[in-house]
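Here are some short exercises to work through with the structure open beside you. Try each task before reading its solution.

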Amino acid sequence: MLSLEEHKNVVYTMAFNNPYGDKIVTGSFDRTAKIWDANTGKRQHTLKGHKMEIVCLSFDPHGMLVATGSMDHTSKLWDVETGQEIFNLAGHKAEIVSLNFNTDGDKLMTASFDNTAKLWDVCTG
């Protein structure tokens, strides 16, 4: 059993990069997400940039991107290999509570407590 223990607050959400299964991403109330090696448990990147808790996240279908959704009303797209933020997706007026990539990985849907869902182009933000 592996234990992933570097967050400083509640780990609220997590995902595997299926179908590959070699990476895990965790999101926390400490306002960070962390990418881990699923075989060794070694942290590969800490994703910093949200101003409030991260409550949802997902790998894209190719395992190249991670999307995070936060109580700060934004979602972010991150490069899995470098850990760098690619886009800050601002436009909701309340917390992001759910997100999901389409099958091709070129679109991201976000849902919010502002009673809206937004469809984002992954290539342009």
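**Exercise 1. A buried acid**

Asp-60 is a good place to begin in this predicted model. Find which residues Asp-60 touches, leaving aside those up to four places away in sequence.

Solution. Start with the contacts: Asp-60 touches Leu-65 and Phe-101 once residues up to four places away in sequence are set aside. Next, place the residue in the fold: Asp-60 sits in the loop between S5 and S6.

Now work out whether Asp-60 is buried or exposed, and what its charge and polar atoms face. Asp-60 is buried, yet it has no salt bridge. To check this, take the nearest side chain of opposite charge, which is Lys-23, at 11 Å; a salt bridge would need the two charged groups within 4 Å.

Then turn to the backbone. A polar atom of the Asp-60 side chain lies 3.0 Å from the backbone nitrogen of Gly-63. The backbone nitrogen of Met-64 is 2.7 Å from a polar atom of that side chain.

**Exercise 2. The sheet from S1 to S4**

Determine the strand order of the sheet that holds S1, and say which strands stand at its edges.

Solution. Step one is the order: this is an open sheet of four strands, arranged S1-S2-S3-S4, with antiparallel pairing. Step two is the edges: strand S1 (11-16) and strand S4 (43-48) each have a single partner strand, so one side of each is left without a neighbour in the sheet. Step three is the twist: on average, neighbouring strands here are turned by 20 degrees against each other, direction ignored.

Step four is the pairing in detail. S1 and strand S2 (residues 23-28) run antiparallel and are joined by five bridges, with Val-11 opposite Ser-28 in S2. Five bridges also join strand S3 (residues 32-37) to S4, again antiparallel; there Lys-34 stands opposite Thr-46 in S4.

Finally, look at the link between S3 and S4. These strands form a hairpin with five residues between them, and Gly-41 in the turn has a positive phi of about 80 degrees.

**Exercise 3. The sheet from S5 to S8**

Repeat the analysis for the sheet that holds S5: what is its strand order?

Solution. The order is S5-S6-S7-S8, in an open sheet with antiparallel pairing. Strand S5 (54-59) and strand S8 (85-90) stand at the edges; each has a single partner strand, so one side of each lacks a neighbour in the sheet. Neighbouring strands of this sheet are turned by 20 degrees against each other on average, direction ignored. For one pair in detail, strand S7 (residues 74-79) and S8 run antiparallel with five bridges between them, and Lys-76 stands opposite Asn-88 in S8.

**Exercise 4. Backbone details in the loops**

Inspect three loops. Which peptide bond is cis near Pro-19, and what are the phi values of Arg-31 and His-73?

Solution. Take the loop between S1 and S2, where Pro-19 lies. The peptide bond from Asn-18 to Pro-19 is cis, with omega near 10 degrees.

Move on to the loop between S2 and S3, which holds Arg-31. Its phi is near 75 degrees, a positive value in a residue other than glycine. Arg-31 counts as partly exposed, because its relative accessibility is 44%.

End with His-73, in the loop between strand S6 (65-70) and S7. His-73 has a phi near 80 degrees, also positive in a residue other than glycine. With a relative accessible area of 28%, His-73 is partly exposed.

Key. Residues are numbered from 1 along each chain as its sequence is written. This is a predicted model: local features need pLDDT of at least 70, side-chain atom pairs count only at pLDDT 80 or more; totals for chains, interfaces and linings use all residues. Side-chain values use heavy atoms; hydrogens and water are left out. Two strands pair if DSSP finds at least two bridges between them. Helices (H or I, at least four residues) and strands (E, at least two) are DSSP runs, numbered from the N terminus. Axes are lines fitted to C-alpha atoms, for helices over the stretch in contact, and angles run from 0 to 180 degrees between N-to-C directions. Buried means under 20% relative accessible area, exposed over 50%, partly exposed in between (1.4 Å probe, protein chains only). Lys and Arg count as positive and Asp and Glu as negative; His and the chain ends are not counted. A polar contact is a pair of N or O atoms within 3.5 Å; within protein, one must be able to donate a hydrogen and the other to accept it, and residues adjacent in sequence count only if both atoms are side-chain atoms. Contact means heavy atoms within 4.5 Å.
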